[in-house]
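Visitor: I would like to learn how to read a model of this kind, one feature after another. Could you take me through it at a careful pace?

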Amino acid sequence: MAQFFETLQQRFGAQIQSISAEREEEIYIFVSESDIRTLIEYLRNEFTARLAAVFAEDRRCADGVFFNYYVLEVKGDPRYLLVRTPVRADHAEFLSLSAELPAVNWQEREIQDWFGLKATGHPNPRRVALHDNWPDVHPLRKDFPLETVLPPFEGERHIYRPALGEGVFQVPVGPVHAGIIEPGHFNFAVAGEPILYLQLRMFYTHKGTEKLFEKLPIPKAVFLAESISGDSSFSHGTAFCQAIERAAQIEVPLRALIMRTILLELERICNHVADIGAIATDVGFVVANAHATRLKEMLVSLNERLTGNRLLRGMVCIGGVRRGWDAVQLGSLRATIAGFASEFRDLVALIDSSESTRDRLEQTGVLRPEKAKDLGIVGVAGRASGMNPDARRDHPYAAYGRYSFRVPVYQVGDVSHRMQVRVDEVNESLGILRSATEESLHGECSAQVPPIPADRCALSTVEGWRGEIIHWIRTGPDNHLERCKIKDPSLNNWPALVEAVQGNIIADFPVINKSFNLSYSGTDR
Amino acid sequence: MFKILQKTIATGIVTTKYPSEPAQISDRFRGRPSFDFEKWTDARPAEEVCPTGAILVCDDGDSRRVTVDYGLCVFCGLCAEASADRAVRITQEFELASAHRRNLILTAEYLLSTDGTHRELRGVHQRLVDLEADADQVGQQARERIQKLLKRSLAIREVDAGSCNGCELEIVALNNPVYDLERFGVHFVASPRHADMLLVTGPVTRNMELALLKTYQAMPEPKVVVAVGACGISGGIFGKNYASLGGVDNVVPVDVYIPGCPPRPQALLHGILLAVGRLGEKMYMDSSA
């Protein structure tokens, strides 16, 4: 890595204003706005860096400018690079990278909507995070109060792109869907049965979460983190606590790190087994789903015995976990894992033995690896299409460094392989759980939490069951946050759905959508 | 096919007997925090840690009013940990659904010592205890009403008006073989036009207000609305802000409130069966009108 910085200095010496390491694993590079494009291009080409997140911060009060941050990951290096550029308050524009890097399309538009910074050269600069009929407000600017009461909607409703041609018609679906799922709008252009083009409209559940983080005292904000996406309560809660712990240099005791690892893996298995059942349902194999939901219930009851809550809420806290486990709980944990493992084998065998199910899943909803790379697809969906990042292995946190596990990667990218990734991951997780539950869990459950120092930045990632969860914070005075950026993996995975459904029949949309199973609330915040 | 049958037979019946028998739940489960107001010497530490403001302390000179709102509570248990006098205890109670928002709120009046601790309890207003009967009774009545009035079927339309999807997970769980809602003749339908009951989670976001209203208006009369979870009842941790309108009853009238974060499936079941009772009343009123 020393060589990396040497090369970087040689090539960009004059342009780089400073390089500083907040922590070993987090390097900040400050450059001026005009150099950002060449620097990121260089990092991507020379070091196969992946741009994981783009976000902004309103620092007009302290520094007189806005800042944009570009979070990059260099393959094989456990550190994150955060490239920071200023955006002038009197000339609120920044250069868009979306044309070369479609992965940041929605994130740049989010900055436009929430901060009022214009992404110049963006190929599709329309609103994304605030609907078109919202007034001209920028909620994440510091001079916009959280409690602002906005006037009733006026202005244009969103105009979907027309799809024209003989026999072509458009099918609008949502935001209220037929099943018990979250709200979003899908506009399908179809010719006969095949889908020509899908337009998405998200952010129906936008509830001001990032802004609210700036108002809550830090210990209470843990509960808000648990409510970013209910199915990932523990992952988001942990990501948030980790960020605070890094900012305040709190060393979490090993016992808590192992317990967090166990709970993170339980959350993964829980959701994966439910998804496997739901995919089977969407192609008519209801019996498999009955078994899958029964298995999920086994785990959810275990969650409750371990944490007092079926979604693992109220367990993680800043400094560790709120309470330890006694012998009864540990016994129940080991027994349930063993029982689940054999039941899970039966479930997978049941689905594998159904040829009609396999026939519906194979070659359905294909996301090609080159598309996945362009769109920066992460997590389960990414790994089914050749993407390999996994924060547990690449940036070890909690106690993941202590266990060995395999990260399944396939190139086919169809529904069948997104299901296979889940099956493989459940089996790997069971391995992690077996090792982790053999460890002796002694000592403190949480560290003493000192007053959180102001004006510290920290990045935290967790490989949630769906994919890479990123939290970035800047602390403020009096146990409050200045900024909390949340990136759920769903945000960059939605455009993958658009790619994957093209050419498929509309009747297969539910199963394709389910195979991604993205969080609307995590996207919309 | 043989394998499927074999597995089914080997699995046997997994459906819970609730509500005709008490729910089998872990003693670790965090249900309703119960308050021993006599014993409570200071409500301030609990107020201090409560993440949603479900416990509020309002001082006026040497008197204090403490308000506890189960409609805001996320059942984190911090109030019990913070109260050194052990006056707050976490119970396993989960059947908290109520037809009235005010039934979810308790208040206690205290006279204060000079250091701000409670000197004397002056009075408690609580309606929670005389809540709407126990679950078995509610279930029995509901079953009779479903059979008589609804011709053995109750149709529910669910709307997520902005939730974090936690409540959705538990609502979906009602359809699994363990809770099996269909055994009561209750099922979820795709269209509001087929629905008797609207089950709403949220805080209602600004972006979902219109969709929720339209769904409500599309339902035939008589209809009942059930607000699910802390967010659905009161806005929960999100409250009201530029993007959130708070609880469901700020947008459509609500007949039953089900506390929880999220409410466990048995709590949902209890609330839904309670709402069937409300629907029965409305139908009776309609037919006698």
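Guide: What follows goes from the overall form of a chain to its domains, its sheets, the contact between chains and a single residue. Please keep in mind throughout that this is a predicted model.

Visitor: Let us begin with the whole of chain A, then: how many helices and strands does chain A have?

Guide: Chain A has 18 helices and 15 strands. The radius of gyration of chain A is 23 Å, close to the 24 Å that the globule rule gives for 525 residues, so chain A is as compact as a globular protein of that length. Taken along the principal axes, the C-alpha atoms of chain A fill a box of roughly 70 × 65 × 50 Å.

Visitor: What share of the residues of chain A count as buried?

Guide: Burial is read from the number of neighbours, and a residue is called buried if 20 or more other C-beta atoms lie within 10 Å of its own. By that reading, 54% of the 525 residues of chain A count as buried. A further view comes from the contacts between residues at least 6 apart in sequence, of which 67% in chain A join residues at least 24 apart.

Visitor: Into which domains is chain A divided?

Guide: The division gives domain 1 (2-120), domain 2 (168-201) and domain 3 (209-524) of chain A. For domain 2 and domain 3 of chain A, the C-alpha centres lie 27 Å apart, and 11 residues of domain 2 are in contact with 10 residues of domain 3. On the side of domain 2 that touches domain 3, strand 9 (185-191) and strand 10 (195-201) of chain A each supply at least two residues, and strand 10 gives the most, with 3 residues. By class, that side of domain 2 has 8 nonpolar, 1 polar and 2 charged residues.

Visitor: In what order do strands 8, 9 and 10 of chain A lie in their sheet?

Guide: The 3 strands form an open sheet in the order 8-9-10, with antiparallel pairing. Strand 8 (168-173) and strand 10 of chain A stand at the edges, each with a single partner strand, so one side of each is left without a neighbour in the sheet. From one strand to the next, the twist averages 15 degrees. Strand 8 and strand 9 of chain A pair over 6 bridges in the antiparallel sense, and within this region A:V171 stands opposite A:F188 in strand 9.

Visitor: Do strand 2 and strand 4 of chain A run parallel or antiparallel to strand 5?

Guide: Strand direction is read for each pair separately. Strand 2 (residues 26-31) of chain A runs parallel to strand 5 (residues 80-88), and 5 bridges join them; here A:I27 has A:L81 in strand 5 as its bridge partner. Strand 4 (residues 65-73) of chain A, in contrast, runs antiparallel to strand 5, with 9 bridges between them, and A:Y70 stands opposite A:V83 in strand 5. Strand 4 and strand 5 of chain A also form a hairpin with 6 residues between them, in whose turn A:G76 has a positive phi of about 80 degrees.

Visitor: How should I read the contact between the chains, and which element gives the largest share of the side of chain A that touches chain B?

Guide: The size of an interface is often given as the accessible area lost when the parts come together. Here, the contact can be described by its residues: 49 residues of chain A are in contact with 47 residues of chain B. The elements that give two or more residues to that side of chain A are helix 6 (218-226), helix 9 (286-307) and helix 10 (327-352) of chain A, and the largest share, 9 residues, comes from helix 9. By class, the side of chain A that touches chain B has 19 nonpolar, 18 polar and 12 charged residues.

Visitor: Into which domains is chain B divided?

Guide: Chain B is divided into domain 1 (33-130) and domain 2 (135-288), and 28 Å separate their centres, taken over C-alpha atoms. The contact between them takes 16 residues from domain 1 of chain B and 21 residues from domain 2 of chain B. On the side of domain 1 that touches domain 2, the classes are 11 nonpolar, 3 polar and 2 charged residues.

Visitor: To finish with a single residue, is B:L72 buried or exposed?

Guide: B:L72 is buried, because 27 other C-beta atoms lie within 10 Å, and B:L72 belongs to the loop between strand 3 (63-69) and helix 3 (78-82) of chain B. Not counting residues up to four places away in sequence, B:L72 touches B:T52, B:G53, B:A54, B:A230, B:S234 and B:G236.

Notes:
Residues are numbered from 1 along each chain as its sequence is written. Chains are lettered from A and ligands numbered from 1 in the order in which they are written. This is a predicted model: local features need pLDDT of at least 70, side-chain atom pairs count only at pLDDT 80 or more; totals for chains, interfaces and linings use all residues. Domain bounds come from an automatic or database domain assignment. Two residues are in contact if their C-beta atoms, placed from the backbone, lie within 7 Å. Helices (H or I, at least four residues) and strands (E, at least two) are DSSP runs, numbered from the N terminus. Ala, Val, Leu, Ile, Met, Phe, Trp, Tyr, Cys and Pro count as nonpolar, Asp, Glu, Lys and Arg as charged, and the others, Gly among them, as polar. The radius of gyration is taken over C-alpha atoms; the globule rule is 2.2 Å times the number of residues to the power 0.38. A residue is buried if 20 or more other C-beta atoms lie within 10 Å of its own, exposed if 12 or fewer, and partly exposed in between; C-beta atoms are placed from the backbone. Two strands pair if DSSP finds at least two bridges between them. Axes are lines fitted to C-alpha atoms, for helices over the stretch in contact, and angles run from 0 to 180 degrees between N-to-C directions.
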